[in-house]
Amino acid sequence: MVGTPITPAAENEIRIATVQLLETPELVVDNSTSSAVCDALRGLFTAEAASNAMAIDEVDIELSDGTSKQQQKEIPPEAGREFLLWNTIPSPTHHSLLCPQRLFCILTPDEFRLAGAFTTDTNVM
């Protein structure tokens, strides 16, 4: 999405989603595969992944004789990743009320953790 012009309607949709995200802890994106908000988020994640691939910064280091030189400094790799999947589904049957479901996942180089929080409609006949 870098370099792609944003239409006024798409800019308005992104602005509304940003305000919603500032006011509430979660954001529901309708028609997420083709929305401007999804395209903007995809562009951010793509740009972030590209910057992590080039995770080298140049830093000025002052030597003891008063001169300075450029040295490349690598950013350390991430310690792990955390994912949260959140959904509402009718459970235990398709006639039940919509119930929230959450799945937490933490991935580290030597560990994998999953935690789930699942609910069901207890008023099902």
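Begin by selecting residues 98-108 and residues 111-118 of this predicted model, which are strand 4 and strand 5, and follow how the two run against each other, since they pair in the antiparallel sense over 8 bridges. With both strands still highlighted, look at the turn that joins them: strand 4 and strand 5 form a hairpin, and 2 residues lie between them. For a single position across this pairing, select I106 and then R113 in strand 5, which stands opposite I106.

Next, move to the surface and select V28, L84, W86 and F104 together, because these residues make a nonpolar surface patch of about 370 Å². Within that selection, centre the view on W86, which belongs to strand 3, the run of residues 81-90. Is W86 buried or exposed? The relative accessible area of W86 is 36%, so this residue counts as partly exposed, a class that lies between the limits of 20% and 50%.

For the last stop, select residues 8-23, which form helix 1, and pick out I14 within that helix. I14 is also partly exposed, in this case with a relative accessible area of 24%. Which residues does I14 touch, once its neighbours within four places in sequence are left aside? Add A36, V37 and A40 to the selection, as these are the residues with which I14 is in contact under that condition. Finally, draw a distance from the C-alpha of I14 to the C-alpha of S35, and the viewer should give 9.2 Å for this pair, whose members are 21 residues apart in sequence.

Technical notes. Residues numbered from 1 in each chain as written. Predicted model: local features only at pLDDT ≥ 70, side-chain atom pairs only at ≥ 80, totals over all residues. Heavy atoms only, no water. Patch = residues over 30% accessible without salt bridge, like charges linked within 9 Å, V, L, I, M, F, W, Y side chains within 5 Å. Areas by Shrake-Rupley, 256 points an atom, 1.4 Å probe, with all protein chains shown as cover. Salt bridge = Lys/Arg side-chain N within 4 Å of Asp/Glu carboxyl O. Helix = DSSP H or I, 4+ residues; strand = E, 2+ residues; numbered from the N terminus. Buried < 20%, exposed > 50% of the residue type's maximum accessible area, 1.4 Å probe, protein only. Pairing = 2+ DSSP bridges. Contact = heavy atoms within 4.5 Å.
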